[in-house]
Amino acid sequence: MNHLNAQQLRYLQELLDVQETSTRIRARLHILEQADDCDVADVSDARTVMELHELNEIEAARQRMAEEQYGICVDCGCPIDYARLEANVTAKRCLECQNVYEEGDVA
Ligand SMILES: [Zn+2]
């Protein structure tokens with residue numbers, strides 16, 4: 001069972017939808033923007049990379065929802081605070097594990 005209730009899950013799912021739509025619009029806009037001033041869209045462009053990454057994260061979050069793993073920290077298995085998920089709907093780690101993960105990333 002999930003620590004999130006059905007209403008919270010539904011709301012988070014809507015947030016995911018909104019985030020996906022806005023990310024897709026941003027990606028499209030800036031591909032158009034690029035087509036305007038150069039020949040082809042460059043997928044290695046930093047913004048495109050970020051948008052693709054975001055879309056992957058959204059897809060992964062949906063997958064976790066489908067498997068009822070959403071909102072569970074992938075590292076320690078603890079439930080992630082609803083407030084944290086609301087602020088960062090694709091979060092897959094609790095705050096403590098995220099901090100550890102990011103510190104490890106720097107090194
Ligand atoms: Zn954790």
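**View 1. Contacts along the chain in this predicted model.** Let's start with who touches whom: of the contacts in the protein chain with a separation of 6 or more, 55% join residues 24 or more positions apart. Buried residues account for 31% of the 107 residues in the protein chain. The accessible surface comes to about 7300 Å², and carbon and sulfur atoms hold 54% of that area.

**View 2. The helices of the protein chain.** Here you can follow four helices, with zero strands to look for. Read from the N terminus on, the order of elements is α-α-α-α. Averaged over the protein chain, pLDDT is 89, and 89% of the residues score at least 70. Among the elements, helix H3 (residues 82-87) has the highest mean pLDDT, 96, while helix H4 (residues 95-106) has the lowest, 88.

**View 3. The zinc ion and its protein donors.** Which residues hold the protein donors of the zinc ion? They are Cys 73, Cys 76, Cys 94 and Cys 97, each offering its SG atom, and they lie 2.3 Å from the ion. Why is the arrangement tetrahedral? The four donor atoms subtend angles of 102 to 117° around the zinc ion, and this makes it so.

**View 4. Cys 73 and Cys 94 at the zinc site.** Along the chain, the donors of the zinc ion follow the spacing C-x2-C-x17-C-x2-C. Cys 73 sits in the loop between helix H2 (46-66) and H3, and Cys 94 in the loop between H3 and H4, so this pair ties together parts that are 21 residues apart in sequence. Are these two cysteines, Cys 73 and Cys 94, buried or exposed? Both Cys 73 and Cys 94 are buried.

Technical notes: Residues are numbered from 1 along each chain as its sequence is written. This is a predicted model: local features need pLDDT of at least 70, side-chain atom pairs count only at pLDDT 80 or more; totals for chains, interfaces and linings use all residues. Side-chain values use heavy atoms; hydrogens and water are left out. Helices (H or I, at least four residues) and strands (E, at least two) are DSSP runs, numbered from the N terminus. Buried means under 20% relative accessible area, exposed over 50%, partly exposed in between (1.4 Å probe, protein chains only). Contact means heavy atoms within 4.5 Å. Accessible areas come from the Shrake-Rupley method with a 1.4 Å probe; for residues, only the protein chains shown count as cover. pLDDT is the predictor's confidence in each residue, from 0 to 100. Donors are N, O and S atoms within 2.8 Å of the metal (3.2 Å for Na, K and Ca); water is not among the atoms, so sites may look incomplete. Four donors count as tetrahedral if all angles lie between 85 and 135 degrees; four count as square planar and six as octahedral if opposite donors are over 155 degrees apart and all others between 65 and 115; anything else is irregular.
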